[in-house]
Structure formats: structure tokens, C-alpha cells
Amino acid sequence: MASKQEIIDARIPKLELLKQAGMNPYQAHTDMTHTLAEVIEQFSTLESSQDIVVLAGRVVAIRGQGGILFVVLSDGTAQFQAVLKKDEIEEQVFDLFVNTVDTSDFIEVTGTVFVTKRGEQSLMISNWNMLTKSLMPLPDSWYGLADQEEQLRKRYLSLAIDPEMRAMFARRSKFWNVTRQFFLDKNFTEVETPTLEVTTGGAEANPFKTHHKDYDVDVYLRISVGELWQKRLMAGMLPKTFEIGRVYRNEGSSPDHLQEFTNLEYYEAYSDYKKGMKVVRDLYLKLAQEVWGTTQFESKGHTFNLADEWVELDYAEEVQKRTGINIFDDADEIILEKLKELGVKFDGTTRERMIDSLWKYCRKQISGPAFLVHHPVLVSPLSKRLESDPRKTERFQPIIAGTEVGNGFSELNDPIDQRARFEEQQQLIERGDDEAMMPEWEFVDMLEYGMPPTCGFGFGERLFAILEGKTLRDVTLFPLVKQKIEE
């Protein structure tokens, strides 16, 4: 097999041949009249009219020999065949093609459409032009991108050779467009909130930190899509808002954990977690039907149907049923021993982290669709307490395929209670809990002026990944990967 440099060395002379023929091998303009999808759709009309057609695309295959070549083009919309015949074109134009065109080149072809003897729709080339001369061929699916890190690092190659991957990212775009339209149709206002914050809020996660030179202050990349900012908008008499944007978390990497990803958060005044669950179920059903055309999925070893009844699972009751642990009454030592017995690894030694780790063990066994509800106050610093049991909160999380795919609650709007919970989070930070929520005292100031009853909810592209049956890295165009060390 030829080395990379050997392949490049073989193609470099072809650049000079093109230039000698008066053809720029890296052009800025094309006279393309149709995409390949359009020429297929309009083929009958174009065949009848015999109009001149100009097509452009990447050469993905060349076959034939002697006086006829069959060239397969791809432009991202479709593939289409062009035919080059020596007796249908000037000899020097034919020879220039033979001597300079390789697979992976981008070319422009001019001619009329026809059907070959084998019944294949094609274009008979009367002229051609080089648009971009490639120095390397695309890899093939058998050996070119066997290394997963290389696939992610050179995602452009994976996309070029895998039409299903391109289709998946088209679905990902539609996923967020359907989400956006869902809220616009319900008269929500789309907003933009800061991505640089003096204090992170809205989630329990480790932030990225940088320094603002002009203000001489440390700032953080946000870990949620404007949760504390959007709640300020509720107090500011904007009753229905949403934002779709990027968030950043300086945590471990895995196929299902990234440092940068897309989230949505919405907030609705005069609503609560019960109403929020209905909104979320309707949204998830709409996404499934419009993006995938089905409500039934298989993912991560689970089978589920989003059109089924969404059962409500009480957090404490579910943990006790599956592990025997009473999260409110059992001592830390008992919980720690149960975690060791179950083989659950977890970071930190706080009660909050132990309880959260115990729940994560339980959730892997739940296919859903379900709503986990009534989380303990200890793990829900922004949720309103449940009036019937103040140890619990009016919080909900949709569960499918053993995974939490969203988080919402009746927002805490009691400034005294909120201040006390932030103080508790501060104590956790001081005891070394990196995932505890950073207190935001200006948010407490806002609550002192009054915020209406509000439901807030957020979810990220993990939902898309699960419905695709892929990992989070798989459904991200350019996930962060370790830098390649050149030898």
C-alpha cells in the first residue's frame, strides 16, 4: 500500500498539467445549474427538452477504459452518473480528464441527460472543468478510518463516505428545529442569556474558568442554559421564555459525557411541575414522530414506546424498592456499605453524593417512559418543597433507556429557603464537593422582590443520542478529542 506522501507525490504533477491546459485546479466559481438531487427529480423534463445541464460534485468512482468512462459524482444531496465518451468530446479534453482526474476531486460537468442501455439515468459530458484537485483519496469503509479517535478527529472524511452519518446530522438539525417551533407555537419568547458568568448556577457541575482582563475578575463558562437568568425574566414579567444553546462542563470524558453540548431550557410562569410533565411528554412525542416517524425505540439494551403511559416513580420509594435503603432515615455508614455491596463507584463522600450514586444504580434498570418525581431536598437546591412532605421536592425527570433525559421542577421562589439551601451548598463546596452548586446571592436578591410560581425544565442532546441508539460523542459533529502527537 502506498504511503500518504507517495500518493501526494503522484498527484502533484497533475496540478501542473491542469495549469498548462489553462485550467485553475482550485476555482472559486462554478456554473452549476442543478444539484444532483434536482437533476434526478427533474430528469424526465430535462431528457425531453435536452436542455444543457451543468452539474458539480466530488468524484466518488471512475470505471471503464479506452474510449468511455463512467464517473459517479456526489454533492451531498445525491449521487449521479456522468459518462465521458471519446467520440462525443474533443480528444484533448478527454485526454486531460484521463490524465488528471482522480477520485475525491471536485469537478464540474456539462452536457445533456440520457438513459444508458442498462437503464441508468446519466449525463453525457460535452465539457468538464476541475473545481478542486484533491491530493489524497477518500478512505474506504474497510480500512481507512478504523481508529475511532481518528474518525472523530477527521469527521469530514467519515461524513464524506457515510451517507447515513450525514442523514443522522440532518435529523439532529431537525430535532432542534422541531423543539424550537414547539415552543414558538406556544407563544414562548426565545431569549439569549450570558455564557460567561461570575457565578455558575442552575446545575451541579464543575465549570471551566477563565479571567476577564478588563474587569480583572474570574469568570466561568456557563453549565446550564441561563437557568438563573431566565428566572429573572419571570420576575421581569416575561412569563414564557426558552433558550437553546451550548453549555460547558469541565468533567470527565466518555462516550456519553462531553465537555461541550447543546441544551434547551424553558420557563413558564404560573405553572408547576405537574403541568410541566404534560408539556415535556407532548414535546418528546412530537420529536419522535416528526424526526424519526415512530414512537418505539431500542437503545442501550432497552425497548420503550414514548406513546405508552408515562408512570411516575417516587425517588425515595424507588431507591428503597430496589436497594432496601431509606434515604431519609438510614445513616451514612449504612448507605456507604450498600454502595460497596452493589459495586457502585462514586466520587466524594458527602451524603448528597452517596444518595445520588445510589439512584444512578437504580435508574439503569428502568426502560421507561417514566417520570422520576419528588427528589429529596438535599439533591435539589432549586426546587420547591412538596407541601405534603417537606423532605421532598416538586421535581421531575423523564427516564428512558435507564437514563435521565431532562430535569424540571416547580421553581423555588421562597428567598429565605433559597438562601438556606445555597448556604448548605457552600458548606458542601468547602468540604471538597466539586459538583455542589455554586451559590448565587444576587439571585436571592431577585427572589426578595418576588417571582411568580414557575415551572422550569431543561434537556440536552443526550435525548437525541438515545433515540438514535448512539453515544453522545457519535452524535456530535466535532467532539473534543485528545491532540494527536506528531512523531
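## Overall architecture

In the protein, 66% of the contacts (heavy atoms within 4.5 Å) with a separation of 6 or more are accounted for by residues 24 or more positions apart. The model is a predicted one, in which local features need pLDDT of at least 70 and side-chain atom pairs count only at pLDDT 80 or more, while totals for chains, interfaces and linings use all residues. Residues are numbered from 1 along each chain as its sequence is written, and side-chain values use heavy atoms, with hydrogens and water left out.

The protein contains 15 helices and 21 strands, these being DSSP runs numbered from the N terminus (helices H or I, at least four residues; strands E, at least two). Its radius of gyration is 29 Å, whereas a compact globule of 487 residues would have one near 23 Å; the radius is taken over C-alpha atoms, and the globule rule is 2.2 Å times the number of residues to the power 0.38. The C-alpha trace spans about 90 × 55 × 50 Å along the principal axes of the protein.

## Surface, burial and charge

Of the 487 residues, 49% are buried, where buried means under 20% relative accessible area, exposed over 50%, and partly exposed in between (1.4 Å probe, protein chains only). The accessible surface of the protein comes to about 24300 Å², and carbon and sulfur atoms hold 49% of that area; accessible areas come from the Shrake-Rupley method with a 1.4 Å probe.

The protein has 57 positive and 80 negative charges, and the mean positions of the two sets are 3 Å apart. In this count Lys and Arg are positive and Asp and Glu negative, with His and the chain ends not counted, and each charge is placed at NZ of Lys, CZ of Arg, CG of Asp or CD of Glu.

## Aromatic pairs

The structure holds 26 aromatic pairs, a pair being two rings of Phe, Tyr or Trp (its six-membered ring) with centres within 6.5 Å, and planes under 30 degrees apart counting as stacked, over 60 as edge-to-face and the rest as tilted. One of the 26 pairs is that of Phe183 and Tyr266, which is tilted, with 5.0 Å from centre to centre and 35° between the planes. This pair links distant parts of the chain, since Phe183 lies in helix 7 (residues 163-185) and Tyr266 in strand 11 (residues 260-269), 83 residues apart. Both Phe183 and Tyr266 are buried.

The rings of Tyr284 and Phe459 have their centres 5.5 Å apart and their planes at 70°, and the pair is therefore edge-to-face. Because Tyr284 belongs to helix 9 (residues 273-292) and Phe459 to strand 21 (residues 454-460), the pair ties together parts that are 175 residues apart in sequence. Tyr284 is buried, as is Phe459.

## Helix 8 and the loop after it

The buried residues of helix 8 are Glu227, Leu228, Gln230, Lys231, Arg232 and Met234, and they pack against strand 10, strand 11, strand 20 (407-410), helix 14 (441-449) and strand 21.

Met237 follows helix 8 and sits in the loop between helix 8 (227-235) and strand 10 (240-248). Its phi is near 75°, a positive value in a residue other than glycine, and Met237 is exposed, with a relative accessible area of 63%.

## Other backbone features

Lys300, in the loop between strand 12 (296-299) and strand 13 (302-305), has a phi near 55°, which is a positive value in a residue other than glycine. A cis peptide bond, with omega about 5°, joins Gly368 and Pro369, and Pro369 lies in the loop between helix 12 (351-363) and strand 15 (370-373).

## Individual loop residues

Thr199 is located in the loop between strand 7 (196-197) and strand 8 (209-212) and is partly exposed, with a relative accessible area of 22%. Leaving aside neighbours within four places in sequence, Thr199 is in contact with Tyr220, Met438, Pro439 and Glu440. Thr199 and Leu221, 22 residues apart in sequence, are 9.4 Å apart in space, C-alpha to C-alpha.

Ser271, in the loop between strand 11 and helix 9, counts as buried at 7% relative accessibility; with neighbours within four places in sequence left aside, Ser271 is in contact with Gly276, Pro453, Thr454 and Cys455. Asp87, by contrast, is exposed, with a relative accessible area of 63%, and its place is in the loop between strand 3 (79-85) and helix 4 (91-100). Asp87 and Ile40 are 47 residues apart in sequence and 26 Å apart in space, C-alpha to C-alpha.
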